[in-house]
Amino acid sequence: MKHTLLPVFVLSAIVLAACGKKEEAPAPAAPAPAAAPAPAPKAVEVLHWWTSGGEAAALGVLKQDLEKQGVSWNDMPVAGGGGEAAMTALRARVTANNPPTAVQMLGFDILDWAKQGALGDLNELAAKEGWDNTVPAALQAFSKHDGKWIAAPVNVHSTNWVWANKAVLDKAGVTELPTNWDDFIKALDKVQKSGAIGLAHGGQPWQEATLFDGVVLATGGVDFYKKALVDKDPAALGSDTMKQAFDRMAQLKKYVDKDFSNRDWNLASAMVIEGKAGFQIMGDWAKGEFLNAKKVPGQDFLCFRVPGTQGMVSFNSDQFAMFKVGDDAKEAQTLLASAIMNPTFQSAFNVVKGSVPARTDVPDTAFDDCGKKGMKDLAEANTAGTLVGSMAHGHAVPASTKNAFYDVITQHFNGKMKSADAVKAMVKAAAE
Ligand code: BGC
């Protein structure tokens, strides 16, 4: 039998072990077991202008939804309705090469950023979840660029709404909701005579422009609105109809209190909520304030279309534009986009926000009467061709023209320009 010769150091180790002695020579240090790499924390940074009570409550629904999925939320609020201040803050971030993950944005602003190549590509998720078939075409026009999904629409708002305090109207003897301009003025008169403020308003350009959306629709109808505020047709902008719209703006001014200057929109809503004023003309984000104050539609407050605009809807949609981000942030961004587009979430969120879902397949069961009406009006206007993009909220013309229109409307509202001059100034603003 052949003996296997063990090397001497192995033999000595065996002998030492058998004698219970420890080997003196230090063993080479074993590498520490590799720690499993910690999963990268998932987080999104979101820039938005939802800072009022109702808006914050709605945003909370989205935050919680994401946090449940392990995505933390870095909030970047920039106050200012209509989002002008938020857009300025955004420009600074992008210039510094540090864009947020997602940004609340309106219509033409989304397309502007897309054209600059700043937005990501959501096509894979959109295809997987079938967004093409569930998001109305009027919204897709702003959520897609060059065949790519670049933004996730969270809602549809509309601007041609009036919000009223029922007790104030009862006291003033306004027994029926006005359906034409003259009756609206009579109702405002009655409220004013009863001692309350007729129209709650905040003197900021975007708020005046919000009134203007409804006034132009009520005065000239849908085709005129489109010609003037979407197509920037000089004949329509310079017409007698447009002059009449400005005259009506001046009429409304008479029912505004003396402290209106620079008041935030939600404080104007609070005037109606608290019974200090009868009416507010404002987009349906105002309903979020009433609900947040525990007011009940039909009982405490009423919603109706700007008199003369029944059957018409001037819409805007809050979308979350998704910026190009590094691979480390993509997963969280995709989870955010998917959460926004989830039909159950769209119901829960819009019930609180005052808007209606950005998808056609969300049932109206959870919505109050104003929300149900909003959903029905939207669907009908879409079919009838009476759905128009809100000029005041970025869905009719790009920001440069919108801002030029704002200037004219605000100067006129503040008595610095006569209607005849405002009309000429609108033609000029559209040509710049
Ligand atoms: C947005 C709303 C927002 C409102 C007031 C609008 O432009 O679409 O979501 O509530 O501004 O801040």
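This report describes a helix, an open sheet, a second group of paired strands and one buried threonine in a predicted model.

**Helix H4**

Helix H4 covers residues 107-115, and its buried residues are Gly-107, Asp-109, Ile-110, Leu-111, Trp-113 and Ala-114. Just after H4 comes Gly-117, whose phi angle is positive, at about 75°.

**The open sheet and helix H13**

Four strands form an open sheet with mixed pairing, and their order across the sheet is S9-S10-S8-S11. Strand S9 (197-199) and strand S11 (301-305) are the edge strands, since each of them pairs on one side only. From one strand to the next, the twist averages 20°. Within this sheet, S9 and strand S10 (residues 277-281) pair in the parallel sense over two bridges, and Leu-199 has Phe-279 in S10 as its bridge partner. Helix H13 (residues 265-273) packs on the sheet, where it touches strand S8 (161-165), S9 and S10, and the direction of H13 makes about 145° with that of S10.

**Strand S12 and its partners**

Strand S12 spans residues 313-316, with Val-313 and Phe-315 pointing one way and Ser-314 and Asn-316 pointing the other way, and all of these residues are buried. The pairings of S12, together with that of S9 and S10, are set out below.

| Strands | Sense | Bridges | A facing pair |
|---|---|---|---|
| S9 and S10 | parallel | two | Leu-199 and Phe-279 |
| S7 and S12 | antiparallel | two | His-157 and Asn-316 |
| S12 and S14 | parallel | three | Val-313 and Leu-387 |

Strand S7 consists of residues 157-158 and runs antiparallel to S12, with His-157 standing opposite Asn-316. S12 and S14, by contrast, run parallel and are joined by three bridges, and the bridge partner of Val-313 in S14 is Leu-387.

**Thr-386**

Thr-386 is placed in the loop between helix H17 (369-384) and strand S14 (387-389). Is this residue buried or exposed? The relative accessible area of Thr-386 is 17%, and because the cut-off for a buried residue is under 20%, Thr-386 counts as buried. Leaving aside neighbours within four places in sequence, the residues in contact with Thr-386 are Val-222, Gly-311, Met-312, Val-313 and Ala-381. One of these, Val-313, also belongs to S12, where Val-313 points the same way as Phe-315. Another of the contacts, Gly-311, has its backbone oxygen 2.7 Å from a polar atom of the side chain of Thr-386.

Conventions
Residues are numbered from 1 along each chain as its sequence is written. This is a predicted model: local features need pLDDT of at least 70, side-chain atom pairs count only at pLDDT 80 or more; totals for chains, interfaces and linings use all residues. Side-chain values use heavy atoms; hydrogens and water are left out. Buried means under 20% relative accessible area, exposed over 50%, partly exposed in between (1.4 Å probe, protein chains only). Two strands pair if DSSP finds at least two bridges between them. Axes are lines fitted to C-alpha atoms, for helices over the stretch in contact, and angles run from 0 to 180 degrees between N-to-C directions. Contact means heavy atoms within 4.5 Å. A polar contact is a pair of N or O atoms within 3.5 Å; within protein, one must be able to donate a hydrogen and the other to accept it, and residues adjacent in sequence count only if both atoms are side-chain atoms.
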